[in-house]
Amino acid sequence: MKICIYPGSFDPVTCGHLDIIYRASKICDKLIVAVGNNESKKPLFTTEERVNLLKLALKDRPDIEIDSFSGLLIDYVKKRNADFVIKGLRALSDFEYEFQMALLNKNQDPNIETLFLVTSINYSYLSSSAVKELARNKGNIDGLVPDCIKDIIMKKFEDKR
Ligand code: ADP
């Protein structure tokens, strides 16, 4: 049984993340989507909120587990007995960072393999920060995030105004 972990900030989850999640779920027996509890990144949504947004977006996929973790990814990977880490690649800029992280993780534990899935062309421009920038300025986020969480994201910025 191959267990994969797809880690990220998911602040908030976008259709680009969901695309990677659906595709990753086809190549592993169990997929765990893991929200990193990294306060130094100053996320807009709390870890609990980010987990809940993912749960809403994946409510029709009970086979996919949503979890959160603090500390080092490699420690979480070992704790969950996972075989692979899944990462998405949008552009060269992602590659440089992800390449470094994959090698660092391998240096810490040679058994940890990172699998990269290349973005679908429709989502290559899409990031959580772009969604936040649009929502902050009352832009249109249709088609960029799952429909069922669109209003929650827009409301977060209304509450902040
Ligand atoms: P961001 O980099 O937007 O803050 P995350 O840290 O939540 O996003 O990203 C988690 C993982 O998902 C990373 O491997 C990132 O490269 C990947 N990812 C994010 N957006 C996309 C997208 N639109 N297409 C493919 N992969 C993506």
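**Ligand shell and E98**

Reader: How far does a backbone N or O atom of S128 lie from an oxygen atom of the ligand?

Author: The model is predicted. In it, the pair joins the backbone of S128 to a ligand oxygen. A polar contact requires N or O atoms within 3.5 Å. The distance computed for S128 is 3.4 Å.

Reader: How much of the ligand does the protein bury?

Author: Taken alone, the ligand exposes 540 Å². The share of that area buried by the protein is 88%.

Reader: Which residue has a backbone N or O atom 2.8 Å from an oxygen atom of the ligand?

Author: The side chain of D94 has an N or O atom 3.5 Å from a ligand oxygen, but that is a side-chain atom. The backbone atom at 2.8 Å belongs to F10.

Reader: How many residues of the shell around the ligand are charged?

Author: The ligand sits in the largest pocket, and 18 residues surround the ligand, with Y6, F10, G88, Y123 and L126 the closest. At least two shell residues come from each of β1 (3–8), α1 (15–25), β4 (84–89) and α4 (92–108). By class, six of the shell residues are nonpolar and eight are polar. The number that are charged is four.

Reader: Is E98 buried or exposed?

Author: E98 is located in helix α4. Its relative accessible area is 10%, and the cut-off for buried is under 20%. E98 therefore counts as buried.

Reader: With which side chain does the side chain of E98 make a polar contact?

Author: E98 is a residue of helix α4. At 3.0 Å, the partner of its side chain is the side chain of K87.

Technical notes. Residues numbered from 1 in each chain as written. Predicted model: local features only at pLDDT ≥ 70, side-chain atom pairs only at ≥ 80, totals over all residues. Heavy atoms only, no water. Near = heavy atom within 4 Å. Polar contact = N/O pair within 3.5 Å; in protein donor to acceptor, adjacent residues only side chain to side chain. Areas by Shrake-Rupley, 256 points an atom, 1.4 Å probe, with all protein chains shown as cover. 1 Å grid on protein atoms, 1.4 Å probe; cavity = no way out; pocket = protein on both sides within 12 Å on 5 of 7 lines; lining within 4 Å. Sits in = over half its atoms within 2 Å of the grid points. Helix = DSSP H or I, 4+ residues; strand = E, 2+ residues; numbered from the N terminus. Nonpolar A, V, L, I, M, F, W, Y, C, P; charged D, E, K, R; others polar. Buried < 20%, exposed > 50% of the residue type's maximum accessible area, 1.4 Å probe, protein only.
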